[in-house]
Amino acid sequence: MERTLAIIKPDAVERGFTGKIFDRIEGKGLKIIAIKMIHLTKKEAEGFYKVHAQRPFFPGLTTYMSSGTVVIAVLEGKDAIKKWRDLMGATNPKDAAAGTIRKDFAVDIEKNSVHGSDSPESASYEIPYFFSGIEIF
Ligand code: GDP
């Protein structure tokens, strides 16, 4: 069993894709074991994406991620990290495979609808960034 962090980003929440995305997650056999809706501050977004602090897209990304409501969840299952990344598709929707969330819903490379931990190390930073032990079921 593995755990991963999922974020439905502001563009997807705003356009009403939250239910469709959770349907795909549960359809893939992943279990939702924690969930919350929040509006990040710029500082909270910067802390979450601190590994990207030196990248040119960091200011735009953190402004965007703090521009509206996000839905955050912890997913659990066998190979949860890979399964969720496969459902998401490539970072740039132009490169994403048919049938992936980013191909179907993303606006562009920044407003790409979803986030998923990319490794067990990332998941172990990202999950406790948003959830305490008693919020995970
Ligand atoms: P992910 O793991 O597929 O989400 O991609 P990364 O970890 O590389 O990047 C984190 C997020 O930064 C992406 O999901 C995008 O929202 C944004 N991002 C990544 N690369 C670019 C870029 O070249 N330009 C812009 N504007 N945003 C980017």
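**Exercises on asparagine 112 and the ligand**

An oxygen atom of the ligand lies 2.9 Å from an N or O atom in the side chain of lysine 9, a polar contact (a pair of N or O atoms within 3.5 Å; within protein, one must be able to donate a hydrogen and the other to accept it, and residues adjacent in sequence count only if both atoms are side-chain atoms). The model is predicted: local features need pLDDT of at least 70, side-chain atom pairs count only at pLDDT 80 or more, and totals for chains, interfaces and linings use all residues. Residues are numbered from 1 along each chain as its sequence is written, and side-chain values use heavy atoms, with hydrogens and water left out.

**Exercise 1.** State which atoms of arginine 102 and glutamate 110 approach the ligand.

*Solution.* Begin with arginine 102: a polar atom of its side chain is 3.0 Å from a ligand oxygen atom. Turn next to glutamate 110, where a backbone N or O atom is 2.9 Å from an oxygen atom of the ligand.

**Exercise 2.** Determine whether asparagine 112 is buried or exposed, and locate it in the chain.

*Solution.* First, asparagine 112 belongs to the loop between α6 (101–105) and β4 (114–116); helices (H or I, at least four residues) and strands (E, at least two) are DSSP runs, numbered from the N terminus. Second, its relative accessible area is 2%, so asparagine 112 is buried (under 20%; exposed is over 50%, partly exposed in between; 1.4 Å probe, protein chains only).

**Exercise 3.** Identify a polar partner of the asparagine 112 side chain.

*Solution.* A polar atom of this side chain lies 3.3 Å from the backbone oxygen of isoleucine 109. Finally, the C-alpha atoms of asparagine 112 and proline 10 are 9.3 Å apart, although 102 residues separate them along the chain.
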